[in-house]
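Hello,

I am handing over the structure we talked about. Please open it alongside this note, and read on for what turned up.

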Amino acid sequence: VSQSRYKYFTKQAIPLPEEFESLFDGSFSAKIYIKSLKKRGISEKLMEDNNWGYCGYGEYEQRAILSIYLEGKLTFWVARAINKSQYMKEKSPSNENWQIGKSEVIYNIDKAAKLCGRVVLSEGIYDAATFGDVGAALLGSRISEEQLNLILTYKEYLTGGVYLAIDIVTGK
């Protein structure tokens with residue numbers, strides 16, 4: 001087992017919030033979140049395949065919960081505002097040193113590598129979704145050492161290459 005994959009067996013994922021509800025619970029609230037995510041170009045299939053949900057109350061109130069899995073195991077999640085007036089558009093759960101952190105995950109890396117043989121790395125999950133199955137997200141604008149190691153664990157599958165689609169901001 002590679003060092004990077006070993007980390008996923010020793011560290012624990014931050015559990016989904018207590019208030020988590022499935023987007024597919026049939027409720028009126030869930031339909032509002034699904035509609036909002038569809039406006040961002042996210043398909044219902046992607047939402048369902050990734051066990052996405054929402055929180056109607058609590059710390060992550062009025063946020064879609066975007067679960068991130070690696071090899072079928074929950075590794076991390078992001079709470080994303082659906083209302084433009086909300087203070088922070090994205091809120092990641094805080095983690096302890098024994099939990100998997102944001103800089104240690106890449107959304108969809110396993111599926112993109114195995115299904116497509118290549119990956120397009122973007123900053124966010126919404127951006128990654130626009131690339132279809134080949135899209136993967138860093139959850140930020142930089143690749144950490146842990147993320148690079150995670151990419152390298154899939155190098156045998158990535159015969160088509162790794163492409164970056166990162167926003168570039170230049171200063172004066």
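What volume does the largest cavity have? About 50 Å³. Please keep in mind that this is a predicted model.

**The cavity**

The search covered the whole structure and returned 1 cavity of 30 Å³ or more. Its lining consists of Leu66, Val78, Arg80, Glu90, Gly124, Ile125, Tyr126 and Leu139. Two elements, β4 and α5 (125-130), give two or more residues each to that lining. By class, the lining residues split into 5 nonpolar, 1 polar and 2 charged.

**The sheet**

The sheet is open and has 5 strands. Their order is β1-β2-β3-β4-β5, and the pairing is antiparallel. Which strands stand at the edges? They are β1 (20-22) and β5 (90-91). Each has a single partner strand, so one side of each is left without a neighbour in the sheet.

Now to β3, which covers residues 63-70. On one side, β3 pairs with β4 (residues 73-81) in the antiparallel sense, over 8 bridges. Two bridge pairs to look up: isoleucine 68 has phenylalanine 76 of β4 as its partner, and alanine 64 has arginine 80 of β4. Arg80 also appears in the cavity lining.

β3 is joined to β2 (residues 53-55) as well, by 3 bridges, and these two strands run antiparallel. Here glycine 53 is opposite isoleucine 65 of β3.

How many of the residues of β3 are buried? The count is 7 of 8, so the strand is mostly covered, with "buried" standing for under 20% relative accessible area.

**The hairpin**

β3 and β4 form a hairpin with 2 residues between the strands. Glutamate 71 in this hairpin takes a positive phi near 55°. Check that residue if you look at backbone torsions.

**A loop residue**

One more site: isoleucine 100. Isoleucine 100 is in the loop between β5 and α4 (109-116). Is this residue buried or exposed? Buried: its relative accessible area is 3%, and the cut-off is under 20%, so isoleucine 100 qualifies. How far is isoleucine 100 from phenylalanine 76? In sequence they are 24 residues apart. In space the separation is 6.8 Å, C-alpha to C-alpha. Phenylalanine 76 is the β4 residue that bridges to isoleucine 68.

Best wishes

Conventions: Residues numbered from 1 in each chain as written. Predicted model: local features only at pLDDT ≥ 70, side-chain atom pairs only at ≥ 80, totals over all residues. Heavy atoms only, no water. Pairing = 2+ DSSP bridges. Helix = DSSP H or I, 4+ residues; strand = E, 2+ residues; numbered from the N terminus. 1 Å grid on protein atoms, 1.4 Å probe; cavity = no way out; pocket = protein on both sides within 12 Å on 5 of 7 lines; lining within 4 Å. Points joined across faces, edges and corners; volume = space filled by probe spheres on them. Nonpolar A, V, L, I, M, F, W, Y, C, P; charged D, E, K, R; others polar. Buried < 20%, exposed > 50% of the residue type's maximum accessible area, 1.4 Å probe, protein only.
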